[in-house]
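Subject: Structure for you to look at

Hello,

Here is the structure I said I would pass on. Please open it first, then read the notes below with it in view.

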Amino acid sequence: MIEIINTFDNDIVGFRFDGGIDKPDMERVYDALESKMTNNKKVSVYAEVKSISLTGITWEAIKEETKRLLNHPAILPNLAKAVVVTDEPWIKKEFAVECALMPTLEGTSFSFGEEDKAMEWLRTDQRKGLRLDLTESEMTQVAFFKSAAGFGLGLMVAGLFSKRQSRNIGLGV
């Protein structure tokens, strides 16, 4: 079950997870997110996870989430920050992996009893002064060059280039 939490902040959407997740739960989550993301506005997410059962996530919930993400591809890039409050170590680890996979999302986790710290973290810009402020086209260029370099290194490691070609790739990367 997913419950909407009032965060008393227009830029933060709050959720409480406890147990399984079904289609009406996913509809509530995405309705709340979409209502805050008008005009491509960035929002943050506060989530308390008391318990979650992976076997309790219905196929209809997964289909609803997929449908919403495909219909509204700006949802993920418009998530500015996210916090998970839980005492489950595996959820904290899984959330850290999710944050690493989404370059536009800054996130961390806290334990129960640290809810105020979690909300303060959401309201504070930890990257101020460290931010590069890349535009979308600059991020695309960086991603392209990183992909090309990785592809070239992969071919080099596989031994598909001559020594001269390998040296040139190594110098280019």
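The model is a predicted one. Its five strands make up one open sheet, ordered β1-β2-β3-β4-β5, and the pairing in it is mixed. The strands at the edges are β1 (2–5) and β5 (106–110); each has a single partner strand, so one side of each has no neighbour in the sheet. On average, neighbouring strands are turned by 20° against each other, if direction is ignored.

As background, strands in a sheet pair through backbone hydrogen bonds, and the pairing is either parallel or antiparallel. Strand β3 (residues 43–57) and strand β4 (residues 79–86) are a parallel case, joined by seven bridges. To find a place to look, go to Tyr46, which has Val83 of β4 opposite.

Helices pack on this sheet as well. Helix α1 (residues 23–36) lies across β1, β2 (12–21), β3 and β4, and runs at about 170° to β2. Helix α4 (residues 115–123) also packs on the sheet, where it touches β2, β3, β4 and β5. The direction of α4 makes about 170° with that of β4.

Next, the helix pair. Two packed helices are described by the angle between their axes and by the distance between the axes. For α1 and helix α2 (residues 59–71), the angle is about 25° and the axes are 7 Å apart. Angles under 35 degrees count as roughly parallel, and α1 and α2 are therefore roughly parallel to each other. Their crossing is right-handed.

Which residues make the contact between α1 and α2? From α1 they are Lys23, Met26, Glu27, Tyr30, Asp31 and Glu34. From α2 they are Glu60, Ala61, Glu64, Glu65, Arg68 and Leu69. By type, the residues of this contact divide into eight charged, four nonpolar and no polar.

Finally, the chain as a whole. The protein chain has six helices and five strands. Starting at the N terminus, the elements follow the order β-β-α-β-α-β-α-β-α-α-α. How much of the chain is buried? Of the 173 residues in the protein chain, 29% are buried. Among contacts with a separation of 6 or more, 70% are between residues 24 or more positions apart.

I suggest going through the sheet, then the helices on it, then the helix pair.

Regards

Key. Residues numbered from 1 in each chain as written. Predicted model: local features only at pLDDT ≥ 70, side-chain atom pairs only at ≥ 80, totals over all residues. Heavy atoms only, no water. Pairing = 2+ DSSP bridges. Helix = DSSP H or I, 4+ residues; strand = E, 2+ residues; numbered from the N terminus. Axes fitted to C-alpha atoms, helices over the stretch in contact; angles between N-to-C directions. Contact = heavy atoms within 4.5 Å. Parallel < 35°, antiparallel > 145°, perpendicular 65-115°, else oblique. Left-handed = near helix turned anticlockwise from the far one by under 90°. Nonpolar A, V, L, I, M, F, W, Y, C, P; charged D, E, K, R; others polar. Buried < 20%, exposed > 50% of the residue type's maximum accessible area, 1.4 Å probe, protein only.
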